[in-house]
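Let's take a walk through this structure together, starting with the overall layout and then stopping at a handful of spots along the way. Keep the picture open as you read.

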Amino acid sequence: MPSDARILIVDDHEDTLYALESALAPLGYQLGRATSGDEALKQVLRGQVGLLLLDVRMPGVSGLDVVRYMRRLEQTQHIPVVLLTGFGPDHELTSAAFGLGVADLVMKPIDPWALRTKVRYLFDAHRRHLALEQEVRELRALVKPGEPAERPALPHPDARVPVQRGQGAHTEELEQDRT
């Protein structure tokens with residue numbers, strides 16, 4: 001994830017966007033905003049989004065629709081998503097959300113401390129995951145296609161295993177008996 005990756009906050013209410021930005025500002029991460037599912041998808045597809053805070057119920061494209069679309073694309077399927085809802089506990093919503101692989105489902109009004117804790121963990125974990133993927137790609141590039149990777153040589157199967165302590169005298173007796 002590039003260093004200019006940001007957290008995208010998506011809600012159709014301006015006051016909620018402002019409250020979420022205020023709650024997350026102390027973390028020091030770059031924040032972006034969108035007011036619809038369509039706008040959120042456009043920004044996510046342009047890249048540079050490392051975490052999505054997404055309202056579930058918005059006019060037009062809902063938060064769940066955004067997540068469904070993101071999970072079908074390789075470039076966006078691993079971006080962590082925290083869904084936000086103001087409509088209280090809903091078993092169907094919870095099942096659908098976690099079935100799509102969202103990181104969390106948070107009820108409004110949101111506790112700023114808890115939100116900052118979740119966001120810091122998810123954003124940093126995603127950043128570490130992408131750094132490891134990049135390292136794997138770089139290591140794979142070092143191995144030329146068609147060439148087997150060098151492996152350490154194994155000892156020849158006939159190589160003698162040294163005698164273990166305490167067995168030396170007994171082994172010598174056996175060898176003398178054979179002659």
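What follows goes from the whole chain to the sheet, and then to some single residues.

First, a word on what you're looking at: this is a predicted model. The protein chain has 6 helices and 5 strands. If you follow the sequence from start to end, they come in the pattern β-α-β-α-β-α-β-α-β-α-α. Of the 179 residues in the protein chain, 32% are buried. And if you take the contacts with a separation of 6 or more, 64% of them are between residues 24 or more positions apart.

Now for the sheet. In general, strands of a sheet pair through backbone hydrogen bonds, and they can do so in a parallel or an antiparallel way. Which sense do we have here? The 5 strands make an open sheet with parallel pairing, and their order is S2-S1-S3-S4-S5. S2 and S5 stand at the edges with a single partner strand each, so one side of each has no neighbour in the sheet. From one strand to the next, the twist averages 20°.

Let's zoom in on two of those pairings. S1 and S2 are joined by 5 bridges in the parallel sense, and here isoleucine 7 sits opposite leucine 31 in S2. To get from S1 to S2 the chain passes through H1, and this β-α-β crossover is right-handed. Further along the sheet, strand S3 (residues 49-55) runs parallel to strand S4 (residues 81-85), with 4 bridges joining them. Leucine 54 has its bridge partner in S4, namely leucine 83. Helix H5 packs on the sheet, where it touches strand S1 (6-10), S3, S4 and S5, and its direction makes about 145° with that of S3.

H5 also takes part in an aromatic pair. How many such pairs does a search of the whole structure find? The search turns up 1. It is made by tyrosine 29 and phenylalanine 123, with 4.5 Å centre to centre and 50° between the planes, which counts as tilted. The pair links distant parts of the chain: tyrosine 29 is in the loop between helix H1 (14-24) and strand S2 (30-34), while phenylalanine 123 is in helix H5 (residues 112-142), 94 residues apart. Are these two buried or exposed? Buried means under 20% relative accessible area. Tyrosine 29 has 17%, so it is buried, and phenylalanine 123 has 2%, so it is buried as well.

Next, look at the edge strand S5 (residues 104-107), where you'll find valine 106. Valine 106 has a relative accessible area of 10%, so it counts as buried. Which residues does valine 106 touch, leaving aside its neighbours within four places in sequence? They are Val82, Leu83, Leu84, Thr85 and Lys118. Take threonine 85: it is 21 residues from valine 106 along the chain, yet their C-alpha atoms are separated by 6.4 Å.

Another buried residue is worth a stop. Aspartate 11 is in the loop between S1 and H1, and it counts as buried because its relative accessibility is 0%. A polar atom of its side chain lies 2.9 Å from the backbone nitrogen of histidine 13. Not counting residues up to four places away in sequence, aspartate 11 touches Thr16, Leu17, Ala34, Thr35, Asp55, Met58 and Lys108.

Lys108 brings us to some backbone details. The peptide bond from lysine 108 to proline 109 is cis, with omega near 0°, and proline 109 lies in the loop between S5 and H5. In the loop between helix H2 (37-46) and S3 you'll meet glutamine 48. Glutamine 48 has a positive phi of about 70°, although it is not a glycine. With 31% relative accessibility, glutamine 48 counts as partly exposed.

Finally, have a look at both ends of helix H4 (residues 91-99). Aspartate 90 caps its N-terminal end, with a side-chain oxygen 3.0 Å from the backbone nitrogen of glutamate 92. Just after H4 comes glycine 101, which takes a positive phi of about 85°.

Conventions: Residues numbered from 1 in each chain as written. Predicted model: local features only at pLDDT ≥ 70, side-chain atom pairs only at ≥ 80, totals over all residues. Heavy atoms only, no water. Helix = DSSP H or I, 4+ residues; strand = E, 2+ residues; numbered from the N terminus. Buried < 20%, exposed > 50% of the residue type's maximum accessible area, 1.4 Å probe, protein only. Contact = heavy atoms within 4.5 Å. Phe/Tyr/Trp six-rings, centres within 6.5 Å; stacked < 30°, edge-to-face > 60°. Pairing = 2+ DSSP bridges. Axes fitted to C-alpha atoms, helices over the stretch in contact; angles between N-to-C directions. Polar contact = N/O pair within 3.5 Å; in protein donor to acceptor, adjacent residues only side chain to side chain. Right-handed = clockwise from strand over helix to strand, strands pointing away.
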